[in-house]
Each structure stands twice: as C-alpha cells, then as structure tokens.
Amino acid sequence: MSVIERIEEQLASYPVVLYMKGTPDFPQCGFSGRVVQVLQACNADYRAINIFEDPELRDALKEYSHWPTYPQLYVNGQLVGGCDIVMDLFNKGELQGMVGAA
C-alpha cells in the first residue's frame with residue numbers, strides 16, 4: 001500500500017482526523033497542543049496520528065494536502081486547516097458544529 005493510499009484509508013476510517021506532532025496526551029508542539037485542547041472543548045471524537053512516528057507519512061501528507069505545516073485537521077476527509085484556522089473557527093463557534101456533525 002502506498003503512503004497516499006494509507007492517508008486516504010486513515011481519512012476514510014474516521015470522520016475527524018488530526019495529524020499532529022506528538023499525541024493528545026503528550027503534544028510535542030504548542031500548535032498541536034492548542035488544537036487538541038480545542039477538540040476536547042468541542043467534545044470531539046477524533047483520531048490523532050503522530051507524524052513523528054512515520055516520516056514517510058509526514059512528508060507525503062504535505063503534498064497530499066498542499067498544506068506545509070502541522071497540525072492538520074480533517075473533517076469528513078476534507079482539510080480544515082492548521083492551528084490558526086481551527087482556532088478561528090472555534091472562536092466563531094463554527095468548529096463545534098463541524099465536528100459534531102461529523
């Protein structure tokens with residue numbers, strides 16, 4: 001299975017997926033930690049994937065998403081964005097509906 005196929009499988013397997021640095025219990029960057037806090041505040045049911053555990057995935061995901069940084073949040077297979085976008089959506093009250101509907 002190619003790395004792109006693995007990404008597509010991960011996105012298809014769970015409605016809300018967070019590609020992050022570290023894990024929700026031990027985020028390894030502040031941006032990833034903030035997105036985890038926001039998802040927890042939304043009571044989101046999500047799958048977190050630590051990009052440090054798979055360098056091939058980390059590199060391929062940037063091409064797949066056309067997004068150069070991490071974390072990357074996906075809802076229903078679509079890229080929502082990184083920390084700034086997620087925080088903005090949360091502050092506007094839109095993120096809760098997005099992850100709740102997923």
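## Helices and strands

The protein chain in this predicted model contains 5 helices and 4 strands. If you walk along the sequence, you meet them in the pattern α-β-α-β-α-β-β-α-α. The radius of gyration is 13 Å, close to the 13 Å that the globule rule gives for 102 residues, so the chain is as compact as a globular protein of that length.

How far does the C-alpha trace reach along its principal axes? It spans about 35 × 25 × 20 Å. Contacts across the sequence help you picture the fold: among contacts between residues at least 6 apart in sequence, 60% join residues at least 24 apart.

## Inside and outside

Of the 102 residues in the protein chain, 42% are buried. The accessible surface comes to about 5500 Å², and carbon and sulfur atoms account for 49% of that surface.

Charges are worth a look too. The chain has 7 positive and 13 negative charges, and the mean positions of these two groups lie 6 Å apart.

## Helix α4 and its two faces

Let's turn to helix α4, which covers residues 83–91. Which of its residues are buried? They are Cys83, Val86, Met87 and Leu89. These residues cover an arc of only 165° around the axis, which puts them on the same side of α4. On the face turned away from that buried side, you will find the exposed residues Asp84 and Asn91.

What do the buried residues of α4 pack against? Their partners are α2 (30–41), β3 (72–75), β4 (78–81) and α5 (94–101). After α4 comes glycine 93, which has a positive phi, near 80°.

## Glycine 81 and its neighbours

Glycine 81 sits in strand β4. Is this residue buried or exposed? Its relative accessible area is 1%, and a residue counts as buried under 20%, so glycine 81 is buried. Leaving out residues up to four places away in sequence, glycine 81 touches Trp67, Pro71, Gln72, Leu73 and Val86. One of these, Val86, is also among the buried residues of α4.

Sequence and space can be compared here as well. Glycine 81 and glutamate 53 are 28 residues apart in sequence, and their C-alpha atoms are 21 Å apart in space.

Another contact of glycine 81 is Pro71, and this proline has a feature of its own. The peptide bond that joins tyrosine 70 and proline 71 is cis, with omega at about 10°. Proline 71 is located in the loop between α3 (55–65) and β3.

## The loop between α2 and β2

Several residues can be explored in the loop that links α2 and β2 (47–50), including asparagine 43. Asparagine 43 has a positive phi, near 55°, in a residue other than glycine. With a relative accessibility of 69%, asparagine 43 counts as exposed.

Cysteine 42 belongs to this loop too, but at 14% relative accessibility it counts as buried. Which residues does cysteine 42 contact, apart from its neighbours within four places in sequence? The answer is Phe90, Leu95, Gln96 and Val99. Cysteine 42 is 56 residues from methionine 98 in sequence, and the two C-alpha atoms are 9.8 Å apart in space.

Aspartate 45 is also placed in this loop, and its relative accessibility of 54% makes it exposed. Setting aside residues up to four places away in sequence, aspartate 45 touches Tyr14 and Val16. Its C-alpha atom is separated by 9.1 Å from that of valine 17, although the two residues are 28 apart along the chain.

## The loop between β3 and β4

Finally, have a look at asparagine 76, in the loop between β3 and β4. Asparagine 76 has a positive phi of about 50°, although it is not a glycine. What is its relative accessible area? The value is 51%, and the cut-off for exposed is over 50%, so asparagine 76 is exposed.

Technical notes:
Residues numbered from 1 in each chain as written. Predicted model: local features only at pLDDT ≥ 70, side-chain atom pairs only at ≥ 80, totals over all residues. Heavy atoms only, no water. Buried < 20%, exposed > 50% of the residue type's maximum accessible area, 1.4 Å probe, protein only. Helix = DSSP H or I, 4+ residues; strand = E, 2+ residues; numbered from the N terminus. Arc of directions from axis to C-beta. Contact = heavy atoms within 4.5 Å. Rg over C-alpha atoms; globule rule 2.2 N^0.38 Å. Areas by Shrake-Rupley, 256 points an atom, 1.4 Å probe, with all protein chains shown as cover. Lys, Arg positive; Asp, Glu negative; His and termini not counted. Charge placed at Lys NZ, Arg CZ, Asp CG, Glu CD.
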